[in-house]
Amino acid sequence: MSVEVLDSATIVSFVEDEEAFNVSIRNRFAHLDSNHDGLLSYAELLKELQSLRVFETHFGIDVKTDPNELAHVYRSMFVQFDHDSNGTVDLEEFKSETKRMMLAMANGMGFLPVQMVLEEDSFLKIAVEHESAKLAA
C-alpha cells in the first residue's frame, strides 16, 4: 500500500486513455481468470470484489460483518458485472463495469485532490502512475 494524492481528473484521464485502460483491464482479467477459460466465475471475481474493502471504516479498521450479509453484498456486486445474467463475466462486461465504477468514483470525488491509501495493484494506483508518467514525459 501507498499514500497517493489524486483527483477526479486523474481517474477520468486514465479511463479515457483507451490503450492504457484496456491493457490494465486485460492484465487484471487474465490474472483473475485462474482456469483460463476467458470467463470469470463468481469464485474468480470474488478476490477482486473483496479487495474493494467495501466494509472498511475508520482509518483502516475493519468492521465485524455478518457473513451472510457479506455474501449477499458480494453476490450483488457480481450481478452488477454479469450484464447478460449468464453466471459468468466476460472481458467486455468486466471492462464496462470497471469503467463505470471508476467514473462513478471520479464523479463523487470532485475536482479537489484527496489523499488516499491505495493497494499497489489497484486500478486507482495504476491511474496515479499513469498520470505521473504523463507529467514526466
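**Close-ups of a predicted model**

**View 1. Leu-103 and its partners from far back in the sequence.** Once neighbours within four places in sequence are set aside, Leu-103 is in contact with Val-12 and Val-15. This is a predicted model, so take each view here as a look at a prediction. Leu-103 is found in helix α5. Along the chain, Leu-103 and Val-12 are 91 residues apart, yet in space their C-alpha atoms are 6.4 Å apart. Is Leu-103 buried, exposed or partly exposed? With 33% relative accessibility, Leu-103 counts as partly exposed, because that label covers values between 20% and 50%.

**View 2. The largest nonpolar core and the helices that feed it.** This core has 28 residues, and the ones with the most contacts inside it are Ile-11, Leu-45, Phe-94 and Met-102. The elements giving two or more residues to it are α1 (8–16), α2 (18–32), α3 (42–51), α4, α5 and α6. Which of them gives the most to this core? That would be α2, with 5 residues. Now zoom in on Ile-11: not counting residues up to four places away in sequence, Ile-11 touches Leu-6, Met-102, Ala-106, Met-109, Leu-124 and Ala-127.

**View 3. The buried residues of helix α3.** Here you can pick out Tyr-42, Glu-44, Leu-45, Leu-46, Glu-48 and Leu-49, the buried residues of α3. What do they pack against? Their partners are α2, β2, α4, β3, α5 and α6. Leu-45 also turns up among the residues with the most contacts inside the largest nonpolar core.

**View 4. Aromatic rings meeting in pairs.** The model has 4 aromatic pairs. Phe-14 and Phe-21 make one of them, an edge-to-face pair with 5.5 Å centre to centre and 75° between the planes. Phe-14 is buried, with a relative accessible area of 1%, and Phe-21 is buried too, with a relative accessible area of 1%. Phe-81 and Phe-94 are another matter: their ring centres are 5.9 Å apart and their planes are at 25°, so this pair is stacked. That pair links distant parts of the chain, with Phe-81 in helix α4 (residues 67–81) and Phe-94 in helix α5 (residues 91–109), 13 residues apart. Both Phe-81 and Phe-94 are buried. Add Phe-29, and you have one aromatic cluster made of Phe-29, Phe-81 and Phe-94.

**View 5. Two arginines sitting over rings.** The charged end of Arg-28 sits over the ring of Phe-123, 4.5 Å from the ring's centre. In the other case, Arg-75 lies over the face of Tyr-42, at 3.7 Å from the ring centre. Tyr-42 is also one of the buried residues of α3.

**View 6. His-130 and the residues around it.** His-130 lies in helix α6 (residues 123–136). Is His-130 buried or exposed? At 14% relative accessibility, His-130 counts as buried, because the limit for that label is under 20%. The His-130 side chain makes a polar contact with the side chain of Asp-17, at 2.7 Å. Skipping neighbours within four places in sequence, the residues in contact with His-130 are Ser-13, Phe-14, Asp-17 and Ala-20. You have met Phe-14 already, as part of the edge-to-face pair with Phe-21.

**View 7. Two loop residues with a positive phi.** Most residues other than glycine have a negative phi. His-36 goes the other way, with a positive phi of about 55° although it is not a glycine. His-36 is found in the loop between α2 and β2 (39–40) and is exposed, with a relative accessible area of 65%. Ser-85, also not a glycine, has a positive phi of about 55°. Ser-85 has its place in the loop between α4 and β3 (89–90), and at 62% relative accessibility Ser-85 counts as exposed.

**View 8. Met-77 and a stretch annotated in UniProt.** Met-77 has its place in helix α4 and counts as buried, at 16% relative accessibility. Met-77 and Arg-28 are 49 residues apart along the chain, and their C-alpha atoms are separated by 17 Å. For "domain: EF-hand", an unreviewed UniProt entry lists residues 25–55 and 69–104. Over residues 69–104, the chain is 75% helix and 6% strand, with its end C-alpha atoms 24 Å apart.

Key:
Residues are numbered from 1 along each chain as its sequence is written. This is a predicted model: local features need pLDDT of at least 70, side-chain atom pairs count only at pLDDT 80 or more; totals for chains, interfaces and linings use all residues. Side-chain values use heavy atoms; hydrogens and water are left out. Helices (H or I, at least four residues) and strands (E, at least two) are DSSP runs, numbered from the N terminus. Buried means under 20% relative accessible area, exposed over 50%, partly exposed in between (1.4 Å probe, protein chains only). A polar contact is a pair of N or O atoms within 3.5 Å; within protein, one must be able to donate a hydrogen and the other to accept it, and residues adjacent in sequence count only if both atoms are side-chain atoms. Contact means heavy atoms within 4.5 Å. UniProt positions are given in the numbering used here, feature names are shortened, and annotations may be inferred rather than shown by experiment. Rings of Phe, Tyr and Trp (its six-membered ring) pair if their centres lie within 6.5 Å; planes under 30 degrees apart count as stacked, over 60 as edge-to-face and the rest as tilted. A charge sits over a ring if NZ of Lys or CZ of Arg is within 6 Å of the ring centre and within 35 degrees of the ring normal. A nonpolar core is a set of buried Ala, Val, Leu, Ile, Met, Phe, Trp, Tyr and Cys residues joined through side-chain atoms within 4.5 Å.
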